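Reader: I am new to reading helix packing, and I would like to learn how the descriptive words are earned. Could you take me through the reasoning step by step?

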Amino acid sequence: MTNFTKVISVVFLLALVVLCQQVLSHSRDNQALKEDYSEINHIKWGLFSVDEWKRQLEVIVSDEIGSFDLTPSNEKKLKVQVEAQLGVLIDKVVTRIRESNEGSMKGRLKQAFINAVVDVNEIKAGIPQYADAIMNELGKSKNERTLKSAVKKQVATYFDKTFKVQNTSDLDRALERAGTPDMQQAKIRVASAIFEKQELITQQSWLMIGSALVLFLLIGMKKGRVLPWEYLTLLAALILLLVVGVATPMIDMEAKISHMSFILLDHEIAFANQILYFQSKSIMDVFWVMVEHPDLPMKLVGILVVTFSVILPITKMISACLYYFDFRGARGNRVVEFFTMKVGKWSMSDVLVVAIFMAYIGFNGVIGSQLSRLQLLAGDADLLTTNGTSLQPGLYLFLAYVLMGLFLAVLVGRRDKVRDKVQTPT
């Protein structure tokens with residue numbers, strides 16, 4: 001039975017090692033994919049982008065120009081506008097001629113001749129006839145196409161002159177990693193890759209937890225003292241859970257406008273998946289961000305986080321190992337005894353897990369509340385907001401480490417009691 005237990009334990013421990021490497025690798029890749037997705041879908045490239053508004057408005061304006069036809073109702077209105085513009089044009093021509101002739105004697109003589117021969121009022125009296133002629137020409141299909149083409153070109157010129165200078169280096173790199181310069185295609189590709197990676201990471205994480213649990217049940221629940229190789233096996237499983245727990249994201253915080261649309265000139269203007277805020281960090285990511293912050297309080301908080309989540313747990317496991325094997329009289333060393341038997345209440349690992357859950361509840365509530373207010377302020381626009389805050393497998397792996405670490409401490413105590421019982425003379 002002992003050999004069978006050894007074989008099964010080695011198999012599950014090797015599975016844990018492989019799964020640990022896989023989860024770490026896939027989590028790094030998925031974290032990069034999520035950052036690319038948040039960059040490509042960021043609101044600054046959509047709802048707050050001049051180029052995106054130009055793209056949608058240009059389609060609407062071009063469609064409206066293309067569908068425009070002269071009808072009896074709009075022809076009358078257009079004729080009134082043409083007559084008004086002709087009157088203004090005639091006045092401008094007369095004024096310009098008069099101003100050009102005022103500078104010399106020859107010009108004044110020419111102007112006197114024009115005043116005697118040309119009656120401006122008679123010219124203006126013919127404006128309705130001129131307007132009719134213009135309208136007849138506009139009504140011809142060839143001229144109508146030419147006019148529409150000219151208007152479209154002018155509108156395109158206006159759009160070309162409307163722009164905002166933006167630094168697109170991050171976006172360009174994200175599109176390059178997606179393998180396409182087209183944003184819509186990149187969004188589809190990255191979203192699909194994230195879904196596949198997330199499913200794989202979740203499965204592998206639960207397999208890790210399940211494998212570690214099998215080891216603890218197989219070794220920890222048997223009667224009698226825990227053998228050295230069994231203890232080392234459980235300790236190795238704990239280390240793997242800890243490594244993955246602190247190196248992979250525990251919580252994703254995301255706030256986005258899933259859909260926003262309204263009707264303009266019987267055309268829909270719509271924006272989808274507009275990400276307002278996104279963060280996906282592991283404990284080690286948070287530590288490096290805080291340590292690199294210029295403010296001293298942030299550095300101190302980062303040091304405390306890594307101390308209670310990484311340094312103390314590792315120190316505790318090393319001390320427990322020394323205490324268990326009584327390496328060079330380690331059982332009599334007060335420091336080793338302290339970290340093995342008493343530091344559990346000060347390790348703060350369980351507190352960190354509760355803090356992550358509370359942070360999840362807090363961020364979930366705050367983001368949800370703010371997005372609800374945004375929906376109320378949307379007015380006539382169709383606005384759908386989404387709170388994408390979610391717990392990630394890293395938290396459950398770290399929680400598994402905490403709970404199994406407590407169980408391992410019980411095993412160390414049981415090993416100590418069995419040893420003392422054996423050494424006590426009857």
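Author: Let us start with a term: a crossing is left-handed if the near helix is turned anticlockwise from the far one by less than a right angle, and right-handed if clockwise. In this predicted model, the crossing of helices α9 and α10 is left-handed.

Reader: What makes α9 roughly antiparallel to α10?

Author: The axes of α9, residues 183-220, and α10, residues 228-247, cross at roughly 160° and come within 10 Å. Angles over 145 degrees count as roughly antiparallel, and that makes α9 roughly antiparallel to α10. On the α9 side, the residues that meet α10 are M208, A212, L215, F216 and I219, and they face a group in α10 that includes L234, L238 and L241. By class, this contact has 11 nonpolar, one polar and one charged residues.

Reader: Why are α8 and α9 called oblique to each other?

Author: Helix α8, residues 169-178, packs against α9 at an angle of about 60°, with the two axes 9 Å apart. Roughly parallel needs an angle under 35 degrees and roughly perpendicular needs 65 to 115, and about 60° falls in neither range, so α8 and α9 are oblique to each other. Their crossing is left-handed. L171, L175 and A178 of α8 make the contact with M183, A186, R189 and V190 of α9, and these residues divide into six nonpolar, no polar and one charged.

Reader: What makes α11 and α12 roughly antiparallel?

Author: Helix α11, residues 283-291, and α12 pack at an angle of about 155°, with their axes 7 Å apart. Since the cut-off for roughly antiparallel is over 145 degrees, α11 and α12 are therefore roughly antiparallel to each other. Here α11 passes α12 in a left-handed crossing. I283, M284, F287, M290 and V291 are the residues of α11 in this contact, and among their partners in α12 are M298, V301, G302 and I303. The classes in the contact of α11 with α12 are 11 nonpolar, two polar and one charged residues.

Reader: How do you know that the span of α12 agrees with what a helix of 30 residues should have?

Author: At 1.5 Å a residue, the 30 residues of α12, numbered 296-325, should span 44 Å, and the end C-alpha atoms are 41 Å apart, which agrees. Along its course, α12 bends by about 45° at T307.

Reader: Which residue follows α12, and what is the sign of its phi?

Author: The residue after α12 is D326, and its phi is positive, near 50°.

Conventions: Residues are numbered from 1 along each chain as its sequence is written. This is a predicted model: local features need pLDDT of at least 70, side-chain atom pairs count only at pLDDT 80 or more; totals for chains, interfaces and linings use all residues. Side-chain values use heavy atoms; hydrogens and water are left out. Helices (H or I, at least four residues) and strands (E, at least two) are DSSP runs, numbered from the N terminus. The expected span of a helix is 1.5 Å times one less than its number of residues. The bend at a residue is the angle between axes fitted to the seven residues ending there and the seven starting there. Axes are lines fitted to C-alpha atoms, for helices over the stretch in contact, and angles run from 0 to 180 degrees between N-to-C directions. Contact means heavy atoms within 4.5 Å. Ala, Val, Leu, Ile, Met, Phe, Trp, Tyr, Cys and Pro count as nonpolar, Asp, Glu, Lys and Arg as charged, and the others, Gly among them, as polar.
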